[in-house]
Amino acid sequence: MIFSVARENPAHMVADAHLFEELIRKTYKQAYGLAFRLTGNAAEAEDLVQESLIRAFRFFNRYDQSLPFTSWLYRIMTNAHIDSVRRKGRLKVTSLEQSGSEGTATWDFPDFDAAPDKMMMERSLNEPVQNALGAMNAEFRTAVLLADVEGMAYEEIAEIMKTSVGTVRSRIHRGRKQLRRHLMNQTPSTYRSYCDEL
Amino acid sequence: MNCKNVQSLLSAYLDEELSGREMLDIRQHLHDCGDCGHELRCIEGVKRILGSAVPEPSPDFEDRLVSHVLSASPTPNERRTSFLTLSLIATASMIATLLVLGFVHRQSIPPAETGQGIPYDVMRQDQAFDARWDGMGGGALYISAKRER
């Protein structure tokens, strides 16, 4: 009787696996986008998505299916990312003054409706932005990316990051200011022209 | 609102995360202030760059991911947790069984004088001796509280 506690229902496990596979296929691209911005390179982004989904699958019985799966997954992912940064003791060593890190990203752009020169400016600003993200405090980076890549509301971000809305607001504000300062230092003319186009 | 106040709220303004009153005040300020308007466009630029052009994962990533995730076995940590949980349950059951057996056994031993007994563990060694009971017998031992001197 004691050992029946540890037994799982195989039928439920199969059903969960099917459902989970569907969720993976539906959300992996979006999750990869966030992971790429968080980590700054393809290999680490793939690892982060995989690690987060494995954790999510293991604790799938704790997932409240009335809530969006991505919110739950992002909570796991951002925690995993912040843990990993702390574990490695790295707040990426890339200086904010350096630009053009080696092999950090292979940008493959989809078509934009925007004007070609604007697209080109965005392209040239992407790498400095990614470098600045890498040098940023992990909590600031996560808050900014959840807002700007995922378009989440502050309350949702606060829920994911287990903090207050006021803290989220402050992290996003300070994070964006750091990015803005970095772009002004690195590519002042492109950045100014890009802003003027908006 | 002055420029300093407005600039500290521009991010939240851009995300529409302010009260209606604040939104209106800032909009009014931006209408009149070129510097704050430029600052707003710079922050919006950052937001747009981040929101656009994230690279696609490699083409085989989806299938690799599904296969790795669904075949993931429990971590050693989880296995250890399960083992620890079962061990704790087993230990607790054994202790409970021993307590019940001890209680039953204790009930089966008559006190030296019914209703007047005190437990062995609160009396002195000479009292046990005085009770003329085998102190090494293992059972709970009772003697009279009113002893002859």
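Helices here are DSSP runs of at least four residues, numbered from the N terminus. The model is predicted, so keep that in mind as you work through these exercises.

**Exercise 1. Work out whether H1(B) has the length expected of a helix, then look at what follows it.**

Step 1: count the residues; H1(B) has 12.
Step 2: take 1.5 Å for each residue, using one less than the number of residues. That gives an expected span of 16 Å for H1(B).
Step 3: check the ends. The end C-alpha atoms of H1(B) are 16 Å apart, which agrees with the expected span.
Step 4: step just past the helix, and you meet B:Glu16 with a positive phi of about 55°.

**Exercise 2. Find which residues of H1(B) are buried and what they pack against.**

Step 1: use the cut-off, where buried calls for 20 or more other C-beta atoms within 10 Å.
Step 2: list the residues of H1(B) that pass: B:Val6, B:Gln7, B:Leu10, B:Ser11, B:Ala12, B:Tyr13 and B:Leu14.
Step 3: look for their partners. Within chain B, these buried residues pack against helix H2 (20-32) and H3. They also reach over to chain A, packing against its helix H7 (165-186).

**Exercise 3. Describe the side of chain B that touches chain A.**

Step 1: get the head count: 35 residues of chain B are in contact with 47 residues of chain A.
Step 2: see which helices chip in. H1 (3-14), H3 (34-51), H4 (61-70) and H5 (76-108) of chain B each supply at least two residues.
Step 3: pick out the top contributor, which is H3(B) with 10 residues.
Step 4: sort this side of chain B by class, and you get 20 nonpolar, 8 polar and 7 charged residues.

**Exercise 4. Decide how H3(A) and H5(A) run relative to each other, and name the residues that meet.**

Step 1: start with the axes of H3 (residues 69-88) and H5 (residues 138-148) of chain A, which come within 10 Å and cross at roughly 155°.
Step 2: angles over 145 degrees count as roughly antiparallel, so H3(A) is roughly antiparallel to H5(A).
Step 3: add the hand of the crossing, which is right-handed.
Step 4: name the contacts. From H3(A) come A:Tyr74, A:Thr78, A:His81, A:Ile82 and A:Val85, and they meet A:Ala138, A:Glu139, A:Thr142 and A:Leu146 of H5(A).
Step 5: class them, giving 5 nonpolar, 3 polar and 1 charged.

**Exercise 5. Sum up the fold of chain A.**

Step 1: count elements: 8 helices and 0 strands.
Step 2: check burial; of the 198 residues in chain A, 35% are buried.
Step 3: look at contact range. Taking contacts in chain A between residues at least 6 apart in sequence, 72% join residues at least 24 apart.

Key
Residues numbered from 1 in each chain as written. Chains lettered and ligands numbered in written order. Predicted model: local features only at pLDDT ≥ 70, side-chain atom pairs only at ≥ 80, totals over all residues. Contact = placed C-beta atoms within 7 Å. Nonpolar A, V, L, I, M, F, W, Y, C, P; charged D, E, K, R; others polar. Buried ≥ 20, exposed ≤ 12 C-beta atoms within 10 Å, placed from the backbone. Axes fitted to C-alpha atoms, helices over the stretch in contact; angles between N-to-C directions. Parallel < 35°, antiparallel > 145°, perpendicular 65-115°, else oblique. Left-handed = near helix turned anticlockwise from the far one by under 90°.
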